[in-house]
Amino acid sequence: MRRELGFALTALRKRPLVGLLAWSVPEALPAALSGLAVARAVDDGFLAGRAGVGLAWLGGFLVASAVSAVGSRQVFRRLGELVEPARDDLVRRVVGGALRHAVAGRPEHEAVARLTRQVEVVRDAFAGLIVTVRGFLVTVTGVVIGLLSIDPVVAALVLPAFLLGVGLFLATLGMSAARQRAAVLADERLAAAAGAVLGGVRDVVATGAEEHAAEHVAGPIRAQAAAERALAWVSAVRTLCFAVGGWVPLLALLLAGPWLAGRGLGAGTIMGGLTYVLFGLQPALRAVIAGVGGSGLRFVVTLGRILDATTPPAGPEPVPAAEPAGRELTLRGVTFAYGPHAEPVLRELDLSVPGGDHLAIVGPSGIGKSTLAGLLCGLLRPVGGTVLIGGVPAADLAPDRLAALRVLIPQEAYVFAGTVHANLTYLRPGASADDVTRAVATVGADELVLRLGGLGAELVPATLSAGERQQIALVRAYLSPAPLVVLDEATCHLDPVAERRAEEAFAARPGTLVVIAHRISSALRANRILVLDGTGAALGTHAELRATSPLYRELLGHWQGTDRSVQVG
């Protein structure tokens, strides 16, 4: 719990915290004056035959309540200034952790749930915790001041039992947190098991595996039920803590009533003490037990899960990977499958792409072309074999170094809200105006940029067509300093003329070009062509593959029927 509490204390911004504490002072007035007003109104007013004095004391209490309402409003206005920055910090941690794991080849399927559900649970629980603890401290401080004001003996009768109840509750928080954590883990296991079954429900029904699916989720269901029963015992313990801290002070004061009266204390003073217990200490204790025991434990447990998943593991400093020697891409016996029990998409693939080469990759839809592009760029890690960039395993390269070596443009190009210039220079922020203008003209996006209003115009991604987004992304990749460019059907929404201009620009650009081809024209422009057929691969020139690869000849026939602008020799 120390780590979670440390995060909470660090998340508290000084300025809004000072404002919240300052406005808590007027909010404490009713707690401090309630019992005192009753005591003075009874003893000095009504029992003394001076009704005006009694009404004045009660009127003063009403004024204090009005002032307290103003303070409460200001407190809640400043609550968001404390909570929202903490939520933003958590979002950055979750997104950063997910990206680190993905780059390391360990994608987190729980990251979306962590971002959409657990972060919001922490935010709401953090806000509730601040409100509850602050309210408890304000009320107890006011009550203690009030009890000492009416008579220290009354305070001595009330406060020990109250503090004992608070202490007992605090002592149970460790046990409560452990059981709450167990319940969260059980809930996550059940969600994972149920998600796996529901995701494959069609296959379950088709194969008659309903009983097996039921057995798969039965264990997690029983574990979650046991965890919930353990939490029910925690509720019983909390009830005992409230009885000690809330009802024992009241009984002590009532039993000591005759003795207090014998010491000369008036009925109003005793009634004032009872008021502090019934309308001050009891509600405050009830609120803190429910708040800290509920939202507080959810805060600690859920935040702990987030911190466990997003904190980089401690260990020795990583040894820097060797600098790639040259720009050759090499695949040695690469096998890749989407899951431990899935059929491999690529199997024991060997490939060498010299620096400066222009390679086209072709094959039927779904054969693994985009998967190969992800492997070449280090976005996916093979389950077998090695991907080398300049003789260095791509898995050993730091993310920033890997990003400097290659750029991948997928079929669905990414464009963000901002200026045209910002979109084009995203991968090379220091590009000069001449470099940007030259790249736009070379790739063939000059008419688009002019139509958008120039480099300084603001882009609205939703207003761009798929082809326009591709042209923006192509210029961005062309400007990138990365020596390896992979175009994964990055021109599929362009017409053949625009596609040819863009691919010829990249072919003339220094470095290596790999194109996932969707038209025969793209394949014909490459130096070499790799044909994927699901069981193996064939590599060669157009003429070589036409003579040796039946699949390539079949693809040629299909392409010739759809791409009349290209003549195949």
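This is a short guided tour of the structure above, stop by stop.

You are looking at a predicted model, in which local features need pLDDT of at least 70 and side-chain atom pairs count only at pLDDT 80 or more, while totals for chains, interfaces and linings use all residues. Residues are numbered from 1 along each chain as its sequence is written, and side-chain values use heavy atoms, with hydrogens and water left out.

**Stop 1: the whole chain**

Start with the protein chain in cartoon view. Its secondary structure comes to 21 helices and 12 strands; these are DSSP runs numbered from the N terminus, with helices being H or I of at least four residues and strands E of at least two. The radius of gyration is 35 Å, well over the 25 Å that the globule rule gives for 569 residues, so the chain is more spread out than a compact globule. That radius is taken over C-alpha atoms, and the rule is 2.2 Å times the number of residues to the power 0.38. Turn the C-alpha trace along its principal axes and you will find spans of about 120 × 60 × 45 Å.

Now colour by burial. Buried residues make up 46% of the 569 residues, where buried means under 20% relative accessible area, exposed over 50%, and partly exposed in between (1.4 Å probe, protein chains only).

**Stop 2: Ala 39**

Select helix 3 (residues 29-46) and pick out Ala 39. Is Ala 39 buried or exposed? Ala 39 is buried, with a relative accessible area of 0%. Next, add Met 271: it is 232 residues from Ala 39 in sequence, yet the two are 6.3 Å apart in space, C-alpha to C-alpha. Leaving out residues up to four places away in sequence, Ala 39 touches Asp 44, Ile 150, Gly 268, Thr 269 and Gly 272 (contact means heavy atoms within 4.5 Å).

**Stop 3: Trp 259 and Arg 263**

Show these two side chains. Arg 263 lies over the face of Trp 259, 5.4 Å from the ring centre. A charge sits over a ring if NZ of Lys or CZ of Arg is within 6 Å of the ring centre and within 35 degrees of the ring normal.

**Stop 4: aromatic pairs**

How many aromatic pairs does a search of the whole structure find? It finds 5. Select Phe 336 and Tyr 338, an edge-to-face pair at 4.7 Å centre to centre with 85 degrees between the planes. Rings of Phe, Tyr and Trp (its six-membered ring) pair if their centres lie within 6.5 Å; planes under 30 degrees apart count as stacked, over 60 as edge-to-face and the rest as tilted. Phe 336 is buried at 6%, whereas Tyr 338 is exposed at 51%.

Move on to Tyr 414 and Phe 416, whose ring centres are 6.1 Å apart with planes at 35 degrees, so this pair is tilted. Here Tyr 414 is exposed at 56% relative accessibility and Phe 416 is buried at 17%. Add Tyr 426 to see the cluster that ring pairs form from Tyr 414, Phe 416 and Tyr 426.

**Stop 5: Leu 452**

Leu 452 is in helix 16 (residues 446-452) and is partly exposed at 24% relative accessibility. Beyond its neighbours within four places in sequence, its contacts are Val 420, Ala 457, Leu 459, Leu 464 and Ile 472.

**Last stop: cysteines**

The structure holds 0 disulfides (a disulfide is a pair of cysteine sulfur atoms within 2.5 Å). Cys 492 has Cys 377 as its nearest cysteine, sulfur to sulfur, 17 Å away. Cys 492 is buried at 17%.
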